[in-house]
Amino acid sequence: MSAKRFKMRLFNKRFGICRLNNDELIPDWIQNCDFYSITKTWDELSIVCLQDNIPRDVRCERDWRVLKIEGPLEFSLIGVLSSISAILAQEKISIFVVSTYDTDYILVKDHEVENAIDALTAEKYEIINA
């Protein structure tokens, strides 16, 4: 990958990553979210959305924050996520990634956000608060 570093935008809201059965319908409780991601596989239905919208009886990991790579990113770019995830892995920071047509979103646990920002800014990434 080239030495280009990207701007990233940190969102203040907390998100949850949910796991539902693959035969369940997409729930109505995601409809009031500005950001959500739905992935259905042969094994599961995964949903990322605002944690305040998630019912308590739904299996999920809570307290994730979103770092958005400012895009759009060209499909020909190589190593963008690899570079960022390597920086965070070196600091032992777990991530969850959501990719879209235009860009990538890196979710980091809320208690690790400051460490993630410090690690990324030390490597010349610019972090903007949303």
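**Figure legends: overall chain, β3–β4 hairpin and Val 108**

**View 1. Overall chain of the predicted model.** The chain exposes about 8000 Å², of which carbon and sulfur atoms supply 47%. Its fold comprises 2 helices and 8 strands, arranged from the N terminus in the order β-β-β-β-β-α-β-β-α-β. The C-alpha trace spans about 45 × 30 × 25 Å along its principal axes. The radius of gyration is 15 Å, which agrees with the value near 14 Å for a compact globule of 130 residues. Of the 130 residues, 40% count as buried. Among contacts between residues at least 6 apart in sequence, 68% join residues at least 24 apart. The chain carries 16 positive and 21 negative charges, and the mean positions of the two sets are 3 Å apart.

**View 2. The hairpin of β3 and β4.** Strands β3 (residues 37-40) and β4 (residues 44-50) run antiparallel and are joined by 4 bridges. The hairpin connection between β3 and β4 consists of 3 residues. Ser 37 has Val 48 of β4 as its bridge partner.

**View 3. Surroundings of Val 108 in strand β7.** Strand β7 covers residues 104-109 and includes Val 108. Val 108 counts as buried because its relative accessibility is 2%, under the 20% cut-off. Leaving aside residues up to four places away in sequence, Val 108 touches Asp 63, Trp 64, Arg 65, Leu 67, Leu 88, Ile 93, Ser 94, Ile 95, Val 113 and Ala 116.

**View 4. Val 108 and Ser 46.** These two residues are separated by 62 residues in sequence, and their C-alpha atoms lie 17 Å apart in space.

How values were computed:
Residues numbered from 1 in each chain as written. Predicted model: local features only at pLDDT ≥ 70, side-chain atom pairs only at ≥ 80, totals over all residues. Heavy atoms only, no water. Buried < 20%, exposed > 50% of the residue type's maximum accessible area, 1.4 Å probe, protein only. Contact = heavy atoms within 4.5 Å. Pairing = 2+ DSSP bridges. Rg over C-alpha atoms; globule rule 2.2 N^0.38 Å. Areas by Shrake-Rupley, 256 points an atom, 1.4 Å probe, with all protein chains shown as cover. Lys, Arg positive; Asp, Glu negative; His and termini not counted. Charge placed at Lys NZ, Arg CZ, Asp CG, Glu CD.
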